[in-house]
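Welcome! Please take a look at the chain below, and then work through some short exercises on it.

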Amino acid sequence: MIVTVTPNPALDVTGHVGRVVVGESHRLTRVTARAGGKGVNVAAVASALDVPATAVLAVGPESAATFETDLARRGVAAVLVPSPVPTRRSVAAVDADGEATVLNEEGEAPPSQTWDALVEALALACDGSDALVVSGSVAPGSPDGVVTRLLRTGAAAGCALVADARGEDLLVALETARREGWRLLAKPNLSEARETLGDDALDAAACAAALLDLGAWCAVVSDGARGLVLGVRDGDGVAGWSARLPEPVRGNPTGAGDALTAALAAHLGPREPDWERALRAGVAWSAAAVLRPVAGEVDPADVARLETQAEITRL
Ligand SMILES: Nc1ncnc2c1ncn2[C@@H]1O[C@H](COP(=O)(O)OP(=O)(O)OP(=O)(O)O)[C@@H](O)[C@H]1O
Ligand SMILES: [Mg+2]
């Protein structure tokens, strides 16, 4: 069982427009709204592939009903903690060529009582679960170290931990993981890893090695269509793999990282994971997500086909 928590969820609004012109006003047609945010996407992809998952998140009063109905329709188990602050929106305008222009609100931090309620709900959900995934941004004005607080809730329940985070949030989580002996898998993409490490010249393998040095138990650095690198502590040493498809697929890459995160989390448990299997799933689930027009979806038939194509190389 996977639990995900999304510190800054979003109502994903998608509409259609002939062409987007900067400085002009646009009329969106066929507008839909759905529950969004990285942890929601992770739980949705896992659920689609029959891996039990629960998304935990705090939602504002205006969005609660939409989130509840949409997640139920999509078969995603969720614990929605009421928040007094409005949930941010992410508005995508899809043009005639299928190209999306997205405007993301940054979001507003909930008050401390909401964080407390979220942590309480998370502790209940983590009890007896294998892995906790903390995914995505944190609204400005949120308490320092809130990502680490969420991870600690999973660590206390004995869960393996996954952090899809960047910058200070990730650095503090890594330092705490080292100090407290957490099994923390860090999953930034390459540009997030470079930004966090403050070195634009590092390649994915060097980023993974640096994240392990900083306290990660496992580090996965994804690099879009070029695939990913995984490094993991192995006794006193380190084991590493790269993984990719021989040919990239075409589609919408938004949410590919979330599908990769879901695959990795699905292979974590009390025992040492079979990393090559986890990587094969990671390559397939994430490429299958690219083939779907919206984040948080995969077609199991695509996954089955792509798993046979994944190339896994020991570094
Ligand atoms: N065009 C593609 N073809 C095949 N696989 C892809 C393609 N784009 C991405 N992937 C797979 O998805 C993984 C994650 O992609 P990426 O590094 O873009 O994640 P990300 O930036 O974290 O995405 P997001 O945060 O939007 O979910 C890659 O490591 C790769 O395995
Ligand atoms: Mg990502």
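The exercises below go from the overall fold to the nonpolar cores of this predicted model.

**Exercise 1. Find out how many helices and strands the chain has, and why it can be called as compact as a globular protein of its length.**

Solution. Start with the secondary structure: there are 10 helices and 14 strands. Next, take the radius of gyration, which is 19 Å. The globule rule gives 20 Å for 315 residues, and the chain's value is close to that, so the chain is as compact as a globular protein of that length. For the outer dimensions, the C-alpha atoms fill a box of roughly 60 × 45 × 40 Å along the principal axes.

**Exercise 2. Work out what percentage of the residues is buried, and what supplies the exposed area.**

Solution. Count as buried any residue under 20% relative accessible area. Buried residues then make up 51% of the 315 in the chain. Turning to the surface, the chain exposes about 14,300 Å², and carbon and sulfur atoms supply 49% of that area.

**Exercise 3. Locate the largest nonpolar core and the residues in it that touch the most other members.**

Solution. This core has 55 residues, and L230, W275 and W285 touch the most other members. Helix α9 (residues 275–291) provides the largest share of the core, 10 residues. Now zoom in on L230: leaving out residues up to four places away in sequence, its contacts include V220, W241, L264 and L279. Finally, another core of 41 residues lies apart from the largest one, with L161, L174, L190 and C207 among its members.

Notes. Residues numbered from 1 in each chain as written. Chains lettered and ligands numbered in written order. Predicted model: local features only at pLDDT ≥ 70, side-chain atom pairs only at ≥ 80, totals over all residues. Heavy atoms only, no water. Helix = DSSP H or I, 4+ residues; strand = E, 2+ residues; numbered from the N terminus. Rg over C-alpha atoms; globule rule 2.2 N^0.38 Å. Buried < 20%, exposed > 50% of the residue type's maximum accessible area, 1.4 Å probe, protein only. Areas by Shrake-Rupley, 256 points an atom, 1.4 Å probe, with all protein chains shown as cover. Core = buried A, V, L, I, M, F, W, Y, C linked by side-chain atoms within 4.5 Å. Contact = heavy atoms within 4.5 Å.
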